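Me: Please help me take a close look at one single part, the interface between the chains. I am in my first year, so explain each term as you go.

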Amino acid sequence: MKLKELEGFLQTVTPFQNPKVMLEQYPTSPHIASRMLYAIDATFDDLDGKIVGDLGCGCGVLAIGANLLGSCYTVGFDVDTDALAQAHENNTDCEAEVDFVRCDIPSYFDGENGFPRKFFDTIVMNPPFGTRKKGVDMEFLKVAFQLARGSVYSLHKTSTRNHILKTASSWGAKCEVVAELRFDIPNMYKHHKKRTQDVQVDFLRFDLSQVSSPSESDGGV
Amino acid sequence: MRLLTHNMLASPVKGANNAFPLKLVCEKKEVMEADFDAEMVKHLLSRVEYDALRATVESIGEGPLPVWDDGLKENEDFLRQMHHILLEIHVIEGELECPASGRKFKISDGIPNMLINEEEV
């Protein structure tokens with residue numbers, strides 16, 4: 001699938017109808033989502049034939065796009081029932097095959113009961129930036145590292161880059177900045193004074209292949 | 001929700017030991033055809049908790065699946081059966097039950113709700 005074709009598909013994905021401020025529900029635009037996914041596929045070959053998860057999937061644009069680019073199984077997780085209902089509808093509209101699960105990501109995947117397993121090859125996500133709820137961005141990242149075997153792709157505020165690079169390396173992951181993006185966040189919330197707000201965002205890739213080789217005890221036959 | 005998703009979900013109930021697999025009560029399921037790709041099915045199999053899947057499949061009236069044998073990985077008939085089980089069966093309405101606490105989690109419109117406290121959001 002060509003980039004323009006992917007972007008065309010993702011333009012049909014309906015974003016949040018009633019964004020919730022506490023969940024930092026900023027949509028990933030079709031423009032940014034298609035370029036992220038295209039880079040993940042073309043440069044790193046981390047989508048085609050892979051098992052892919054999307055943490056905080058919202059209306060599902062990254063999960064659906066990953067599936068359209070050939071992932072063999074994709075699951076999107078989110079806490080918000082309205083966003084998931086929209087994601088489900090978008091999934092059908094795009095003729096994608098993504099499963100969705102409603103859960104509170106940090107508390108559901110807290111490592112109790114021997115879960116999570118390293119179920120996914122690749123995690124792709126646009127987590128909350130941690131502006132409203134401090135530290136939630138790192139909680140998402142931690143879960144992503146626990147769920148993925150291969151690599152994690154995530155968007156974070158550029159202002160938090162040093163902190164994230166340091167933390168990721170202490171967790172044993174190699175991290176690179178794939179691209180610097182400008183997120184044009186429309187004035188969706190009351191606390192936004194300006195009409196739109198540009199936020200500098202890093203598109204990061206974390207390579208987990210050196211962290212630890214998954215053993216049989218991680219499940220699977 | 002497909003059965004592979006069920007196969008990766010554990011109970012969110014704290015302190016619940018042996019909280020996997022969740023008991024699946026299937027009230028409505030749909031079969032949606034998907035293209036068969038043997039390599040993909042083999043890849044998915046590498047993540048499956050097979051005994052849990054086998055028990056679940058039987059409990060919802062599908063299968064039966066054979067007892068695991070490494071030779072099955074190269075058996076085309078088996079891979080086609082797994083393709084159907086893992087990728088084509090969608091649970092639309094039903095329930096997941098924590099085997100330790102008995103706590104139930106609803107599946108509606110194909111989406112399981114694993115939240116313990118609704119008031120969390």
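What follows is a walk through the interface, then through some of its surroundings.

Reply: Happy to help! A few ground rules first. Residues are numbered from 1 along each chain as its sequence is written, chains are lettered from A and ligands numbered from 1 in the order in which they are written. This is a predicted model, in which local features need pLDDT of at least 70, side-chain atom pairs count only at pLDDT 80 or more, and totals for chains, interfaces and linings use all residues, while side-chain values use heavy atoms and leave out hydrogens and water.

Let us begin with how much of each chain takes part. Chain A brings 36 residues to the contact and chain B brings 42, where contact means heavy atoms within 4.5 Å. About 3200 Å² is buried between the two chains, and carbon and sulfur atoms give 58% of that area. This buried area is the accessible area (1.4 Å probe) that two parts lose on being put together, summed over both.

Next come the polar links. Across the interface, 11 residue pairs are in polar contact, both residues being at pLDDT 80 or more. A polar contact is a pair of N or O atoms within 3.5 Å; within protein, one must be able to donate a hydrogen and the other to accept it, and residues adjacent in sequence count only if both atoms are side-chain atoms.

Which elements of chain A give two or more residues to the side that touches chain B? They are β2 (73-78), α4 (81-93), β3 (98-102), α5 (105-108) and β4 (120-125) of chain A. The names come from DSSP runs: helices (H or I, at least four residues) and strands (E, at least two), numbered from the N terminus. Strand β3 of chain A gives the largest share of this side, five residues. By residue type, the side of chain A that touches chain B divides into 16 nonpolar, eight polar and 12 charged residues. Here Ala, Val, Leu, Ile, Met, Phe, Trp, Tyr, Cys and Pro count as nonpolar, Asp, Glu, Lys and Arg as charged, and the others, Gly among them, as polar.

Side chains of opposite charge can pair when their charged atoms come close. The count between chain A and chain B is two salt bridges, a salt bridge being a side-chain nitrogen of Lys or Arg within 4 Å of a carboxyl oxygen of Asp or Glu. One links the side chains of B:Arg47 and A:Asp121, at 2.9 Å from N to O. A:Asp99 also forms a salt bridge with B:Arg2, the closest N and O atoms being 3.0 Å apart. A:Asp99 lies in strand β3 of chain A and B:Arg2 in the segment before α1 (3-8) of chain B, so this pair joins two chains. Are these two residues buried or exposed? A:Asp99 and B:Arg2 are both buried. Buried means under 20% relative accessible area, exposed over 50%, and partly exposed in between (1.4 Å probe, protein chains only).

Now step back along chain A. The loop between α4 and β3 of chain A holds A:Glu95. Phi of A:Glu95 is near 55°, a positive value in a residue other than glycine. Most residues other than glycine have a negative phi. A:Glu95 is exposed, with a relative accessible area of 71%.

In the loop between β2 and α4 of chain A sits A:Asp80. The side chains of A:Asp80 and A:Lys20 meet in a salt bridge, 2.9 Å from N to O. A:Lys20 lies in the loop between α1 (3-11) and α2 of chain A, so the pair ties together parts that are 60 residues apart in sequence. A:Asp80 is buried at 4% relative accessible area, whereas A:Lys20 is partly exposed at 28%.

Finally, here is chain A as a whole. Chain A has seven helices and seven strands. From the N terminus, its elements run α-α-β-α-β-α-β-α-β-α-β-α-β-β. Of its 221 residues, 53% are buried. Among contacts in chain A between residues at least 6 apart in sequence, 71% join residues at least 24 apart. Over all chains, the count comes to 15 salt bridges.
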